[in-house]
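Please open the model in the viewer and set the display to a cartoon with side chains available on request. The stops below are to be selected in turn.

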Amino acid sequence: MPPKTLHVAILCSPGVGHLVPTLLLGRRLITHQNLQVTILSVTTTTPTTQSQLLTPFTADIHFPVIQIPAANISSVVSPDAKVVTKICAMMRETIPTIRTTISSMDPRPDVFVADIFSTESWVIAEEFGMPKFVFNTGNAWFTGLFTYSPVLDKKVAGQYVDQTEPFDISSCKPVRPEEVVDPMLDRDDEDYRVYLNQAIGVTLADGMLINTWENLEPQSLHALRNNKILRSIVKIKPVFTVGPIAKKYEPFGLKSELIEWLDEQPERSVIYVSFGSGGTLSAEQIIELAWGLELSQQRFIWVVRPPAGYDKEGSFFKSGHSGEPNGEPEYLPEGFLTRTKKMGFVVRSWAPQVEILSHTSVGGFLTHCGWNSTLESISSGVPMIAWALYAEQRMNATMLTEELKVAVRPEVLPTKKVVGREEVEKMVRCLIEGEEGKAMREKVKRLKEGAEEALSVNGSSYISTCKFVDDCWSRIQQSI
């Protein structure tokens with residue numbers, strides 16, 4: 001007989017960007033599906049530091065989160081290896097500890113879920129006879145490109161970025177050469193080979209959970225489920241839409257000075273500027289962004305970090321040194337804080353993003369287009385300025401501007417050219433006070449309503465999650 005309560009273990013690679021949606025997925029499986037969930041979080045920080053980082057996100061998480069120290073990879077990869085290579089090496093080298101952790105759990109998990117960087121851990125699921133599922137914290141379009149990448153590797157000659165025509169990924173929306181994900185920027189780099197191996201590993205799962213919903217990406221989801229070429233790659237595995245998995249604002253405690261300032265601003269009058277937990281800009285770009293915000297004469301909240309050296313591949317896991325005094329950071333224009341004191345609020349390093357986006361005073365979000373931030377903006381009904389930096393963000397920016405039409409973006413990718421102050425001013429004014437911004441606000445409002453409907457009882461994501469649970473039970477029954 002199967003256990004009375006299905007026990008799901010969810011393995012997550014290092015990084016807040018993956019851990020937060022993993023935790024939220026776990027909470028949903030518990031509250032809506034009555035499952036037992038254990039999160040296995042591989043981390044590069046100490047348990048205390050990890051807890052401090054996650055406190056703003058996870059105050060209401062009340063189920064086991066086992067922190068597993070990442071294995072030392074200094075002897076496995078070079079210090080200058082790219083992000084995907086480092087994360088995948090960490091996950092591979094940590095497999096013995098993950099295996100020991102799972103074997104000591106009582107009751108032992110019935111189902112194994114892992115993110116896209118953790119597919120080499122399928123060996124553990126197979127050892128313990130657990131059905132294995134991949135959780136893609138990104139969207140369906142990215143999933144289409146990712147799973148199709150081994151085919152593109154054989155079809156395309158030369159560097160992807162040197163091609164002149166979009167890449168056909170079998171009934172999904174085509175991907176332009178300039179939109180490919182970071183590991184595809186250089187086919188000669190180790191990161192690309194690791195990326196291809198992970199793409200193959202994803203297709204070996206028993207099914208896919210994707211952080212999207214049916215009405216948001218019907219074309220890509222239809223392709224993943226029905227296109228003969230893509231289906232031959234994923235071997236007729238089920239695709240479950242479980243999104244949007246995004247944090248929601250829940251009032252707690254006293255208001256901060258920032259929120260009190262927001263309370264005093266007119267409705268939909270503030271542009272919120274943040275580049276996520278890993279996004280930094282060059283010193284020159286920070287200067288231009290600051291002047292653009294000032295010239296726009298629009299109210300703003302700006303989460304500022306010290307600059308990094310300009311890097312065409314983005315700046316994830318990198319930071320500069322400001323050498324700043326106690327007063328105004330030296331990387332901002334001289335007198336900027338004084339001149340914008342009444343119209344702006346500058347925050348160092350971190351801000352309560354969901355609380356800000358949920359506030360009625362916020363009318364736009366200048367974002368790096370990370371999928372977590374994108375979903376938080378949509379779920380709050382806030383249109384965007386799409387300022388893509390790294391990973392799959394260029395694809396996200398295209399989806400937001402061309403397909404969903406809830407964002408504007410610079411004429412040239414910010415990773416290729418510094419966005420000038422005049423263009424920043426134009427985009428901010430467009431979003432906050434222009435007619436185009438009003439139209440985008442109406443469109444994103446409808447997306448928000450569609451997201452809420454998908455999560456409601458009998459909504460598409462709720463039903464899809466139920467199907468995932470049924471699929472787990474069916475596979476367990478077959479293995480008995």
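The expected span of a helix is 1.5 Å times one less than its number of residues. Bear in mind throughout that this is a predicted model.

**First stop: helix α1**

Select residues 16–33, which form helix α1. Its 18 residues should span 26 Å at 1.5 Å a residue, and the C-alpha atoms at its ends lie 25 Å apart, so the expected and modelled spans agree. Now show the side chains: the buried residues of α1 include His-18, Leu-19, Val-20 and Pro-21, and further along Arg-28, Leu-29 and Gln-33. Step just past the end of α1 to Asn-34, where phi is positive, at about 60°.

**Second stop: α1 against α18**

Keep α1 in view and add helix α18, residues 460–479. How do the two helices lie with respect to each other? Their axes come within 11 Å and cross at roughly 90°. Angles of 65 to 115 degrees count as roughly perpendicular, and α1 and α18 are therefore roughly perpendicular to each other. To see the contact itself, select Leu-29, His-32 and Gln-33 on the α1 side, with Tyr-462, Thr-465, Cys-466, Phe-468 and Val-469 on the α18 side. Of the residues in this contact, five are nonpolar, three are polar and none is charged.

**Third stop: Cys-472**

Remain on α18 and select Cys-472, which belongs to this helix. Its relative accessible area is 0%; buried means under 20%, so Cys-472 is buried. Beyond neighbours within four places in sequence, Cys-472 is in contact with Leu-6, Val-111, Pro-131 and Phe-133. Select Asp-110 as well: 362 residues separate it from Cys-472 along the chain, yet the two C-alpha atoms are 8.5 Å apart.

**Fourth stop: helix α3**

Move to helix α3, residues 83–93. Which of its residues are buried? They are Val-84, Thr-85, Ile-87, Cys-88, Ala-89, Met-90 and Met-91. Colour β1 (7–12), β2 (36–43), α4 (95–103) and α7 (190–202), since these are the elements against which the buried residues of α3 pack.

**Last stop: Ser-296**

Finally, select helix α11, residues 283–296, and centre on Ser-296. Is this residue buried or exposed? With a relative accessibility of 0%, Ser-296 counts as buried. The Ser-296 side chain reaches the backbone oxygen of Leu-293 at 2.7 Å. Apart from neighbours within four places in sequence, the residues in contact with Ser-296 are Glu-425, Val-428 and Arg-429.

Methods:
Residues numbered from 1 in each chain as written. Predicted model: local features only at pLDDT ≥ 70, side-chain atom pairs only at ≥ 80, totals over all residues. Heavy atoms only, no water. Helix = DSSP H or I, 4+ residues; strand = E, 2+ residues; numbered from the N terminus. Buried < 20%, exposed > 50% of the residue type's maximum accessible area, 1.4 Å probe, protein only. Axes fitted to C-alpha atoms, helices over the stretch in contact; angles between N-to-C directions. Parallel < 35°, antiparallel > 145°, perpendicular 65-115°, else oblique. Contact = heavy atoms within 4.5 Å. Nonpolar A, V, L, I, M, F, W, Y, C, P; charged D, E, K, R; others polar. Polar contact = N/O pair within 3.5 Å; in protein donor to acceptor, adjacent residues only side chain to side chain.
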